[in-house]
Every structure is written in C-alpha cells, then in structure tokens.
Amino acid sequence: DLKAAQAIAGGDRDASSVSTLLDTTAALGFVVGLSGIVLFFVWLVRAVRNVEAFGLVVPRYRGAWVVGNWFIPALGLWRPKRTMDDLWRGSGGGPTSVIGWWWGLLVVTFYPLPILPEDQN
C-alpha cells in the first residue's frame, strides 16, 4: 500500500491500477470474511437447535443468546465457550479440553491487549 501510494503521488499511472486492485481485493476480503461470520452463526444456531431437538444435551443458552453472547463484551469471554462445550458434548465429543484450547487461542487472537505507553526517557 505504501509503495502504491508513493507511486500515485509521483504520477505513475500503473500504480493507480495497483491501488485499484488493492482496494478491490480488500473489499472482496471483507465480503468473504463477513459472509463466513454470518454462515458460522447460522450453523451455530442450527446446531444448538439440533442438539436440543435430539435430546442429547440441554443447551445452557438458546435462541438469540446463542449469537448475542458473542457480542456482549463481558459475557463474550466465557459464554460462547460454554455454548460450544454443549455442542461438543451433544455431538459425542470427548473431554472439552479441546474446546478450551480453541477458545483460549481465539480470545488471545481477537481480544486486544492494552497498549502500554512508550518509555518517555
């Protein structure tokens, strides 16, 4: 992006097409990512309904809470994991430690750490 911006500022016409390509790729990536998130939530709601319908496990969270728990900051740290634990047990999975590792990596990846101020010496 920086090289494309410098080339555009310098009047290079080829850089303009590179910039357009980068913008198009970014927009496509956003659409694909958003579609993946929507499909994941559709799958999650259906999976919770199936586990409950088959009487395998009584899920702790149902309905809108299955998705809503992911977006409420304080609850989003543990409630989605509990929903996934219910699905894991309902599907005949073994110990939920696999879900614990998955959830831990997800939290570390997506929850920002506080930014410490730089040393002002």
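Of the 121 residues that make up the protein chain, 22% count as buried, a value that was computed, as were those that follow, from a predicted model. The chain has 5 helices and 0 strands, and the order of its elements, read from the N terminus, is α-α-α-α-α.

Four salt bridges were examined as a group before being taken one by one. Side chains of opposite charge can pair when their charged atoms come close. The structure holds 4 salt bridges, and among them is the pair formed by E52 and R62, in which the closest N and O atoms are 2.8 Å apart. Because E52 belongs to helix α2 whereas R62 belongs to the loop between α2 and α3 (64–68), this pair ties together parts that are 10 residues apart in sequence. Both partners fall into the intermediate class of accessibility: E52 is partly exposed at 37% relative accessibility, and R62 is likewise partly exposed, with a relative accessible area of 40%.

Helix α4 (residues 79–90) contains both D85 and K81, which stand 4 residues apart, or about one turn of the helix. These two residues form a salt bridge whose closest N and O atoms are 2.6 Å apart. With a relative accessible area of 7%, D85 is buried, since buried means under 20%. A further salt bridge joins R89 to D86, with 2.7 Å between the closest N and O atoms, and here too both residues lie in helix α4, in this case 3 residues apart, again about one turn of the helix. The two partners of this pair differ in their accessibility class, for D86 has a relative accessible area of 3% and is buried, while R89, at 39%, is partly exposed. The pair formed by D86 and R89 is also part of a wider arrangement, in that R60, D86 and R89 are linked in a network of salt bridges.

The loop between α4 and α5 contains G92, which counts as exposed because its relative accessibility is 61%, and exposed means over 50%. Although G92 and L56 are 36 residues apart along the chain, their C-alpha atoms are separated by 8.8 Å.

On the surface, a nonpolar patch is formed by F30, V31, L34, I37, V38 and V42, which together have about 540 Å² of accessible area. One of these residues, V38, is placed in helix α2 (residues 13–53). At 46% relative accessibility V38 counts as partly exposed, because this value lies between the limits of 20% for buried and 50% for exposed residues.

Empty space within the fold was considered last. Rolling a probe the size of a water molecule over the atoms shows where empty space is left. The largest pocket has a volume of about 230 Å³, and the residues that line this pocket are W70, G76, P80, W103, L106, V107, F110 and Y111. The largest share of the lining, 4 residues, is contributed by helix α5 (residues 97–110). In chemical character, the lining of the largest pocket divides into 7 nonpolar residues and 1 polar residue, with no charged residue.

Methods:
Residues are numbered from 1 along each chain as its sequence is written. This is a predicted model: local features need pLDDT of at least 70, side-chain atom pairs count only at pLDDT 80 or more; totals for chains, interfaces and linings use all residues. Side-chain values use heavy atoms; hydrogens and water are left out. On a 1 Å grid over the protein atoms alone, a cavity is a set of points where a 1.4 Å probe fits but cannot get out, and a pocket is an open set with protein on both sides within 12 Å along at least five of seven lines; lining residues have an atom within 4 Å of a point. Grid points are joined across faces, edges and corners, and a volume is the space filled by probe spheres set on the points. Helices (H or I, at least four residues) and strands (E, at least two) are DSSP runs, numbered from the N terminus. Ala, Val, Leu, Ile, Met, Phe, Trp, Tyr, Cys and Pro count as nonpolar, Asp, Glu, Lys and Arg as charged, and the others, Gly among them, as polar. Patches are made of residues with over 30% relative accessible area and no salt bridge: like charges are joined within 9 Å, nonpolar side chains (Val, Leu, Ile, Met, Phe, Trp, Tyr) within 5 Å. Accessible areas come from the Shrake-Rupley method with a 1.4 Å probe; for residues, only the protein chains shown count as cover. A salt bridge is a side-chain nitrogen of Lys or Arg within 4 Å of a carboxyl oxygen of Asp or Glu. Buried means under 20% relative accessible area, exposed over 50%, partly exposed in between (1.4 Å probe, protein chains only).
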